[in-house]
Amino acid sequence: MTDHIQRSRPPMTRLLLALVPLAVMLGAFVWIASLDPLRGFNNGAPPVEALTVERTILDGSGISLRARAGGSEPMVVAQVAVDDAYWTFTQEPAGPIARGDAVWLRIPYPWVIGEAHHVNLLTNTGATFGHEIVVAVPTPKASASQLRLQAVIGAIVGLLPVALGLMFYPAMKGVGRSGMNFLLALTVGLLAFLLIDTISEALELSNRAAAIFQGSAMVWLAALASFLLLMAIGRWRGNPEGIALAFYIALGIGLHNFGEGLAIGGAFAAGSAGLGTFLVLGFALHNVTEGIGIAAPMLRARPTLWTFAALTLLAGGPAILGMWAGSLAYAPQWSALALAVGAGAILQVMVEVSAYLVRQNADRQAALMAPAVLVGFLGGIAFMYATAALIKI
């Protein structure tokens with residue numbers, strides 16, 4: 001009888017029952033904030049302060065730093081020292097910096113191209129926060145020529161290798177069962193390397209972000225959310241196969257390339273990237289297998305030329321967008337977040353390709369341990385590892 005009464009409560013009654021504890025909780029928070037129970041433990045020590053420099057711009061007017069506060073209370077930047085000499089500066093916007101807020105600090109310092117400079121930010125409580133400019137070079141500005149050059153580089157490291165990999169499709173078309181297993185396992189292997197590489201880069205970038213973003217937790221949670229969301233979308237109408245699975249692979253690789261583009265663009269803006277011709281060719285060779293991996297699930301389908309063009313743009317185009325965004329508005333937390341989302345997408349694709357490989361074999365339990373599968377998986381990892389050595393600087 002009690003269960004029947006609970007199920008028959010009208011919606012308004014259930015809403016009121018839910019609002020009561022929320023109102024009590026809100027009242028408790030207000031009461032605790034007004035009471036300030038920790039006030040009695042105050043021994044006169046200064047508040048905890050944190051300041052993180054997210055972006056550096058060097059131009060004819062001097063040095064501009066975008067700094068984000070993460071202290072327990074609003075903080076004030078009182079002085080700025082560059083190379084052990086105090087300099088005047090302006091702050092935009094002016095005033096104390098609240099927790100989580102970011103400001104621009106403009107320092108009219110005559111920096112020297114090619115030299116290293118050290119900036120110290122001093123607060124009114126005496127706390128200091130250092131920032132190192134490893135190599136001083138002018139920050140690229142948003143001009144048509146600059147964006148065009150970055151688009152060319154992005155196309156070489158993103159679009160071109162994917163297109164070259166997809167050109168192997170006709171040669172792959174006639175492979176038998178073992179060849180199909182090899183190519184699908186090769187795809188999983190290269191994605192496994194990309195997953196590890198993406199997660200490690202995202203965690204490295206998250207360590208440079210302000211503590212308020214909780215870098216490591218943000219990376220893992222974003223990757224998990226991306227994986228679960230894409231799994232739900234992918235399984236909404238059954239298991240993706242053929243061209244649909246190829247598009248999921250291209251999406252995962254595209255998200256990874258967007259994060260890579262952000263990092264490369266940010267390195268250009270900071271003057272820490274020396275992309276020579278050999279390094280650009282290394283990027284292209286490293287990414288050729290991405291196109292092969294995209295083509296593998298389509299061997300039993302009949303994709304049109306427009307399908308290949310769309311897959312190329314989806315997988316390689318984000319590299320260009322990432323380079324533009326990274327060079328013009330770089331911040332470590334957003335690059336880490338983009339890489340984390342890409343990692344979740346790559347993991348989803350690994351699960352789907354592995355499931356597709358198993359479904360293509362009569363003996364599903366033995367399929368994953370077949371020689372062709374093991375050779376393809378390990379070969380994909382080995383090739384990506386070897387070519388990655390060409391682009392690590």
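**Close-up 1. Strands β3 and β7 run side by side in the antiparallel sense.** In this predicted model, strand β3 covers residues 77–82 and strand β7 covers residues 117–123, and five bridges join the two. Want a spot to start looking? Find Q79, which stands opposite L122 in β7.

**Close-up 2. Strands β3 and β4 make a hairpin.** Strand β3 also pairs with strand β4 (residues 85–87), again in the antiparallel sense, this time over three bridges. One pairing to pick out is A81 with its bridge partner Y86 in β4. Now follow the chain around the bend: two residues sit between β3 and β4. One residue in that turn, D83, has a positive phi of about 55°.

**Close-up 3. W87 and Y109 meet edge-to-face.** The model has three aromatic pairs by the rule used here. One of them brings together W87 and Y109, with 5.0 Å from centre to centre and 80° between the planes. Since edge-to-face takes an angle over 60 degrees, the 80° of this pair fits that label. Where do W87 and Y109 sit along the chain? W87 belongs to strand β4, while Y109 is in the loop between β6 (102–107) and β7, so the pair links distant parts of the chain, 22 residues apart. Are the two rings' residues buried or exposed? W87 counts as partly exposed because its relative accessibility is 30%. Y109, on the other hand, is buried, with a relative accessible area of 13%.

**Close-up 4. Y169 and F308 tie two helices together.** Here is another edge-to-face aromatic pair: Y169 and F308 are 5.2 Å apart centre to centre, with 65° between the planes. Y169 lies in helix α4 (residues 169–172) and F308 in helix α9 (residues 305–328), so this contact ties together parts that are 139 residues apart in sequence. How accessible are these two residues, and why do they count as buried? The cut-off for buried is under 20% relative accessible area. Y169 comes in at 9%, so it counts as buried. F308 has 16% relative accessibility, so it is buried as well.

**Close-up 5. A nonpolar patch lies on the surface.** Ten names to look for here: M12, L15, L16, L19, L22, M25, F29, W31, I32 and L35 form the patch. Together they have about 1000 Å² of accessible area. Take M12 as your way in: you'll find it in helix α2, which spans residues 11–35. Because its relative accessibility is 54%, M12 counts as exposed.

Notes
Residues are numbered from 1 along each chain as its sequence is written. This is a predicted model: local features need pLDDT of at least 70, side-chain atom pairs count only at pLDDT 80 or more; totals for chains, interfaces and linings use all residues. Side-chain values use heavy atoms; hydrogens and water are left out. Two strands pair if DSSP finds at least two bridges between them. Helices (H or I, at least four residues) and strands (E, at least two) are DSSP runs, numbered from the N terminus. Rings of Phe, Tyr and Trp (its six-membered ring) pair if their centres lie within 6.5 Å; planes under 30 degrees apart count as stacked, over 60 as edge-to-face and the rest as tilted. Buried means under 20% relative accessible area, exposed over 50%, partly exposed in between (1.4 Å probe, protein chains only). Patches are made of residues with over 30% relative accessible area and no salt bridge: like charges are joined within 9 Å, nonpolar side chains (Val, Leu, Ile, Met, Phe, Trp, Tyr) within 5 Å. Accessible areas come from the Shrake-Rupley method with a 1.4 Å probe; for residues, only the protein chains shown count as cover. A salt bridge is a side-chain nitrogen of Lys or Arg within 4 Å of a carboxyl oxygen of Asp or Glu.
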